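Colleague: I am new to this structure and should like to understand the terms used to describe it. May I ask how each one is justified?

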Amino acid sequence: MATLLSQLLPARFPQQGRLDALHLPAHGRGSALPGDLRRLLGGRPGSWDLPELPMIGGPLEAEGAVAESQREAAAAVGADHCWYGVNGATGLLQAALLAIATPGSSVLMPRNVHRSLIQACALGGITPLLFDLPFLPDRGHVAALEGPWLARVLQELDRQKQRPVAAVLVQPTYHGYAADPLALVAPLQARGLPVLVDEAHGAHLLPGVDPDQPRSALAAGADLVVHSLHKSAAGLGQTAVLWAQGTAVDSDAIARSLGWLQTTSPSALLLASCEATLGEWRSVRGRRWLNRRFDQARALAVQLRDSGLPLLETQDPLRLIWHTAAAGINGLDADPWLMERGLIAELPEPGCLTFCLGLARHPGLARRMQRLWRELCRHQGGTSPAEVFSAPPLPLLGAPDLDVRAAWCGPKRSVPLAQAAGAIAAQLICPYPPGIPLVIPGERLDSLRVQWLLEQAALWPDQIDGMVKIVA
């Protein structure tokens with residue numbers, strides 16, 4: 001019987017030679033870990049597994065090495081406060097939302113929020129005011145939110161006489177689509193709304209080493225910003241950081257919310273990873289390394305496009321998206337075929353394969369990808385019709401018909417999805433990855449939405465089954 005340990009050992013991986021693991025964490029299976037952290041991990045096993053000794057402390061302690069490290073990190077980026085997280089961006093996003101919204105209030109947020117924020121709404125008795133996003137039908141992705149679209153959303157907010165107490169943004173998206181965050185943060189703050197930005201996939205924007213990329217939302221003045229240090233920096237899995245600036249959000253409220261959701265026994269190793277990862281980008285060597293990765297990624301994309309491989313444009317050079325639908329290939333079918341040959345993607349979808357180049361070097365990757373793409377086209381090309389993906393039939397701005405917590409925790413029953421029209425959902429419908437819900441508890445499933453969900457179930461047969469839980 002296979003065990004977890006056996007799955008982690010090198011012998012588990014393909015035997016035919018090279019392995020290109022282009023998935024998260026972004027440290028490339030250790031090759032891009034900060035030097036200080038590599039030395040720590042190279043010592044006696046377990047020596048770093050320590051409790052909150054007085055000299056170490058923890059993220060919510062006023063004294064100790066962790067507290068001093070967080071103060072130094074905040075000062076280095078111009079933030080007022082910094083908290084390290086060992087429960088991923090999930091725990092920090094949830095704590096941040098609970099700090100800016102009280103039970104019974106509503107928060108404006110985009111449809112592509114991570115499921116963790118919907119869970120936080122249920123925990124805190126908060127109503128999500130969900131706004132729709134522009135859609136890219138050739139690939140089935142939502143596009144980056146830009147200023148003119150947000151202006152339409154705010155007009156609709158006024159028309160509906162909605163009064164949220166805060167706003168959430170996602171920047172960049174899982175696929176690396178991004179826009180100037182200042183055009184988004186400023187109009188929301190002008191309405192008196194504190195802005196929380198889920199920048200889990202944009203920690204590498206923080207150093208500001210590349211003028212061709214959008215700035216970090218922290219530099220754009222967002223009140224709260226969450227970075228996942230394993231998704232877009234060289235941190236170990238579960239490491240993240242929450243930044244706060246300005247006076248719109250009480251730091252004591254943030255600490256209190258963190259205390260509700262974070263472990264009282266944080267891993268010293270993960271905390272050290274947070275420090276080492278952020279410290280790397282304060283060094284000249286670390287910033288040069290990051291800039292070289294951007295340059296190499298752009299050169300790789302040019303080489304692949306010149307060879308005829310269909311790549312989609314994205315604002316993050318470290319995200320490489322094969323547009324498999326352009327060749328009549330389903331990305332979900334291509335993924336296991338490529339994995340058997342040692343090329344592992346981060347995100348397979350019906351129309352695409354997204355690879356995360358991360359911060360590691362990948363010599364020879366262009367030739368390998370070109371060869372595998374040609375072989376894939378010979379084996380699977382034209383087997384699927386070129387998809388034109390349909391946008392979800394959603395209003396520009398809407399709220400659940402029933403309180404999220406009441407729908408999620410109350411009586412429920414399962415019915416065939418095809419028979420769910422008119423019912424209120426009692427579950428998340430959420431293909432994973434990337435963890436973005438198509439339906440949240442409390443939403444009413446009208447006939448158009450049900451038909452669209454049936455289409456999605458056909459596209460994601462292993463992720464969405466034919467049944468749905470509804471409020472009884």
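Modeller: Let us begin with exposure: a residue is buried under 20% relative accessible area, exposed over 50% and partly exposed in between, using a 1.4 Å probe and protein chains only. This is a predicted model, in which local features need pLDDT of at least 70 and side-chain atom pairs count only at pLDDT 80 or more, while totals for chains, interfaces and linings use all residues. Residues are numbered from 1 along each chain as its sequence is written, and side-chain values use heavy atoms, with hydrogens and water left out.

Colleague: Why is Arg285 called partly exposed?

Modeller: Its relative accessible area is 46%, and partly exposed covers the range between the buried and exposed cut-offs. Arg285 therefore counts as partly exposed.

Colleague: What makes Glu280 and Arg285 a salt bridge?

Modeller: A salt bridge requires a side-chain nitrogen of Lys or Arg within 4 Å of a carboxyl oxygen of Asp or Glu. The closest N and O atoms of Glu280 and Arg285 are 1.9 Å apart, so the pair satisfies that definition. Across the whole structure, a search finds 15 salt bridges.

Colleague: Which exposure classes apply to Glu340 and Arg341?

Modeller: Glu340 is exposed, with a relative accessible area of 56%, whereas Arg341 is partly exposed at 26%. Their side chains meet in a salt bridge, at 3.4 Å from N to O.

Colleague: How do you know that the length of H9 agrees with that of a helix?

Modeller: Helices are DSSP runs of H or I with at least four residues, strands are runs of E with at least two, and both are numbered from the N terminus. The expected span is 1.5 Å times one less than the number of residues. For the 13 residues of H9 (268–280) this gives 18 Å, and the end C-alpha atoms are 18 Å apart, which agrees.

Colleague: Why is H9 described as largely enclosed?

Modeller: Ten of its 13 residues are buried, so the rest of the structure largely encloses H9. Among the buried residues are Leu269, Cys274 and Glu280.

Colleague: What makes S11 and S14 a pair of strands?

Modeller: Pairing requires that DSSP find at least two bridges between two strands. Four bridges join S11 to S14 (residues 353–356), so the requirement is met. The open sheet has three strands in the order S11-S14-S13, with antiparallel pairing. S11 (319–322) and S13 (347–348) stand at its edges, each with a single partner strand, so one side of each has no neighbour in the sheet.
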